[in-house]
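Visitor: I have a model open on my screen and would like to talk it through with you. Shall we take a look together?

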Amino acid sequence: MASIPLLRFTPTTPRLLPHPLNVNFLQTRIQTRTRIHTKPASISASYNPIPATDRLISAVAYFLPFFNGLQYGRFLFAQFPTLALPFQPILPLLSLYRSLPYASFVTFFALYLGIARNENLNKYPRFNALQAVVLDVLLVLPMLIQRIFSPGQSGIGLKFTVWMHNGLFVFVVGCFVYGLVSSILGKTPYLPFVTEAANRQM
C-alpha cells in the first residue's frame, strides 16, 4: 500500500519587529509626518520700522552738504537758467542759512558731535549724519585744491574748473535726493565713496 505523504500545515504567525521600541519609533515618524503636512503654513517676518524722529534727523542731516555744494552749480545756472527753477522754493531757507555767521561751521560740529557721536541715539540717524558729514568734507577738498593751484580765468584751466564744478554739482544733488528720499522711507542710503568712509568711522 502506497504511503501518502501527509502535508503539515503550520499556522503562520505575523513577524514581529526585533524590538518593541521600533513600533514606537514608526508611530512617532507617522505622527511627525502627519503634523508636517497638516500644519498650516505660517510666515514669520521680523520688521522693525525706523522711528519717525530718526528718519527726520537723517533727512535734515543731508541739507548740510547740499547747501554747501550748491556753489558748484554756478556755471550750470549761468549757462542754463531754467535749471535754477527747481531750487526756487528753498532759496529763503538757503538765504537764512547763509546769513547766519559761522552757520556751516556750527552745523558741521552739531551733526558730528551731537548726532554722529551721540551713543544715546539709534544707529540709523548716527550713520546718516556721519555720511552727511563725510560728504561735506569731501566737497570742501576740490575748493581747496582750486585755491591752491589757481587754474586761471581762461584756457584749459577754466574748462577743467567748469567740468569739475558741473560734475560735483550733479553728484551733490544726486546724493541729496537719494539720501533725503531714503531717509523719509526709512531705508539706508549707500553713497559712492561716502558709505565706506562712514563705516570706518562708526
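Guide: Gladly! A word on terms before we begin: helices here are DSSP runs of H or I with at least four residues, numbered from the N terminus. Please keep in mind that this is a predicted model.

Visitor: How many helices and how many strands does the protein chain have?
Guide: Reading along the sequence, you meet the pattern α-α-α-α-α-α-α-α-α. Counting the elements of the protein chain gives 9 helices and 0 strands.

Visitor: What share of the residues of the protein chain counts as buried?
Guide: To count as buried, a residue needs under 20% relative accessible area. The protein chain has 202 residues, and the share of them that counts as buried is 30%.

Visitor: Which residues does UniProt list for "transmembrane region"?
Guide: The UniProt entry is unreviewed, so its annotations may be inferred rather than shown by experiment. In the model, residues 56–76 are 76% helix and 0% strand, while residues 161–181 are 100% helix and 0% strand. The end C-alpha atoms lie 30 Å apart in residues 56–76 and 30 Å apart in residues 161–181. The listed residues are 56–76, 96–115, 127–149 and 161–181.

Visitor: How far apart are the end C-alpha atoms of helix 6?
Guide: Helix 6 covers residues 103–116, and its buried residues are Ala103, Phe108, Leu111, Ile115 and Ala116. With 14 residues at 1.5 Å a residue, helix 6 should span 20 Å. The model agrees with that, because the end C-alpha atoms are apart by 18 Å.

Visitor: Is Leu144 buried, partly exposed or exposed, and what is its relative accessibility?
Guide: Leu144 sits in helix 7, which runs over residues 123–149. Together with Leu138, Val140, Leu141, Ile148 and Phe193, Leu144 forms a nonpolar patch on the surface, with about 600 Å² of accessible area together. Buried means under 20% and exposed over 50%. Leu144 therefore counts as partly exposed, with a relative accessibility of 42%.

Visitor: Which residues does Ser182 touch, not counting those up to four places away in sequence?
Guide: Ser182 belongs to helix 8, residues 155–185. Its relative accessible area is 8%, so Ser182 is buried. Leaving out residues up to four places away in sequence, the residues that Ser182 touches are Tyr124, Lys187 and Pro189.

Visitor: What percentage of the exposed area of the protein chain do carbon and sulfur atoms supply?
Guide: The protein chain exposes about 14,700 Å². Of that area, carbon and sulfur atoms supply 67%.

Definitions and conventions
Residues numbered from 1 in each chain as written. Predicted model: local features only at pLDDT ≥ 70, side-chain atom pairs only at ≥ 80, totals over all residues. Heavy atoms only, no water. Helix = DSSP H or I, 4+ residues; strand = E, 2+ residues; numbered from the N terminus. Buried < 20%, exposed > 50% of the residue type's maximum accessible area, 1.4 Å probe, protein only. Areas by Shrake-Rupley, 256 points an atom, 1.4 Å probe, with all protein chains shown as cover. Patch = residues over 30% accessible without salt bridge, like charges linked within 9 Å, V, L, I, M, F, W, Y side chains within 5 Å. Salt bridge = Lys/Arg side-chain N within 4 Å of Asp/Glu carboxyl O. Expected span 1.5 Å × (residues − 1). Contact = heavy atoms within 4.5 Å.
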